[in-house]
Amino acid sequence: MARFTDKVAVITGGAGGIGKAAGQLFARDGAQVLLVDLDEKALQAAVKEIGSDQVSYCVADVTKPEQVQAYVDTAVNRYGGIDCFMNNAGVFGVIKPISDYPIEVFDKVIDVNLKGVWLGLKYVMPAMQKRGGGSIVITSSIAGVSGGAGSWAYVASKHAVIGLMRTASNEGAPHNIRVNTVNPTAVDTAMMRVLEDELAPGAGEAAKQQIETGIPLQRYGRPEDVANMMAYLCSDDGSFCTGSVYMVDGGSTSS
Ligand SMILES: NC(=O)c1ccc[n+]([C@@H]2O[C@H](COP(=O)([O-])OP(=O)(O)OC[C@H]3O[C@@H](n4cnc5c(N)ncnc54)[C@H](O)[C@@H]3O)[C@@H](O)[C@H]2O)c1
């Protein structure tokens with residue numbers, strides 16, 4: 001039997017690179033999958049690309065409580081509950097010295113990457129509790145365990161969600177809800193195009209090569225690398241894993 005047979009997986013940022021790869025993997029391994037994202041066209045394209053009748057979508061802004069409640073209700077009404085939750089939607093913002101870092105960008109990044117993750121926990125955990133438990137994976141980053149000059153809001157948000165994860169794992173454990181973070185290095189998705197352009201406007205490919213030389217395994221992560229860790233943590237193989245930080249970083253934080 002496939003490892004996610006009879007399981008329901010909800011994935012925010014489901015139209016993006018990592019979310020779509022997770023959707024594909026969870027569906028392949030038997031789950032019913034709800035992709036959640038702001039971008040309806042990209043959601044339609046993701047569902048089409050995955051090409052499985054086990055995958056559907058829900059348009060929602062993770063920063064809006066009523067829309068978070070609505071994606072939880074959609075999963076419960078459509079599939080009967082939530083077993084696996086990838087709390088994954090995120091934005092990068094900009095790279096600027098503190099004096100130039102725009103306050104509205106700081107607010108936006110914190111809103112999506114921190115408040116959006118907290119709202120996901122707030123509405124998903126009660127639904128999981130009704131189901132008898134489940135597994136939640138929050139997408140942090142290597143920026144959750146180290147700094148990065150100029151990435152003010154991103155670094156702060158990715159550190160902060162580790163605090164949310166630890167708190168949620170404490171609160172969730174008596175209800176059989178496990179909560180962990182995955183912490184990728186650079187992964188080859190649209191988000192890295194934003195970051196490359198911030199580092200070297202108009203010379204993204206050169207920036208990519210430079211970043212890759214700083215990763216011990218000498219390449220960007222693939223979305224599937226992260227999806228594989230998410231699936232492990234949501235499967236029975238990960239049943240003793242909670243409250244922890246799982247690096248998927250090609251050795252980036254090893255020295
Ligand atoms: N790509 C990387 O190098 C990298 C590295 C470490 C961590 N991460 C994290 O992985 C997660 C997924 O990123 P990705 O690499 O797939 O990037 P991506 O840009 O391909 O996907 C992010 C998705 O989040 C969605 N989103 C943004 N704001 C939203 C909102 N308010 N409500 C709902 N959806 C919203 C976007 O529409 C997009 O589809 C993010 O949390 C990101 O910070 C990415």
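Biologist: How many bridges join strand S5 to strand S6?
Modeller: This is a predicted model, in which local features need pLDDT of at least 70 and side-chain atom pairs count only at pLDDT 80 or more, while totals for chains, interfaces and linings use all residues. Residues are numbered from 1 along each chain as its sequence is written. Strands are DSSP runs of E with at least two residues, and helices are runs of H or I with at least four, both numbered from the N terminus, and two strands pair if DSSP finds at least two bridges between them. Strand S5 (residues 134-139) and strand S6 (residues 177-184) run parallel, and the number of bridges that join them is six.

Biologist: Which residue of S6 stands opposite Ile138?
Modeller: Ile138 is on the same face of S5 as Gly134 and Ile136. Across from Ile138, in S6, stands Thr181.

Biologist: And which residue in S5 is the bridge partner of Phe85?
Modeller: Strand S4 (84-87) also runs parallel to S5, and four bridges join the two. Within S5, the partner of Phe85 is Ile136.

Biologist: Are the residues of S5 buried or exposed?
Modeller: A residue is buried if 20 or more other C-beta atoms, placed from the backbone, lie within 10 Å of its own, exposed if 12 or fewer do, and partly exposed in between. On one face of S5 lie Gly134, Ile136 and Ile138, and on the other Ser135, Val137 and Thr139, and both faces are covered. For comparison, 48% of the 255 residues of the protein count as buried. In S5, six of the six residues are buried.

Biologist: Which strands are the edge strands of the sheet?
Modeller: The sheet is open and has seven strands with parallel pairing, in the order S3-S2-S1-S4-S5-S6-S7. The strands that each pair on one side only, and so form the edges by that rule of pairing through at least two bridges, are S3 (55-59) and S7 (245-248).

Biologist: Where is the kink in H4 centred?
Modeller: Helix H4 covers residues 103-131, and its 29 residues reach 41 Å from first C-alpha to last, close to the 42 Å expected at 1.5 Å a residue, where the expected span is 1.5 Å times one less than the number of residues. The bend at a residue is the angle between axes fitted to the seven residues ending there and the seven starting there. In H4 the kink is about 35°, and its centre is Asp111.

Biologist: What phi does Gly132 take?
Modeller: Gly132 comes just after H4, and its phi is positive. The value is about 95°.

Note on methods:
Contact = placed C-beta atoms within 7 Å. Axes fitted to C-alpha atoms, helices over the stretch in contact; angles between N-to-C directions.
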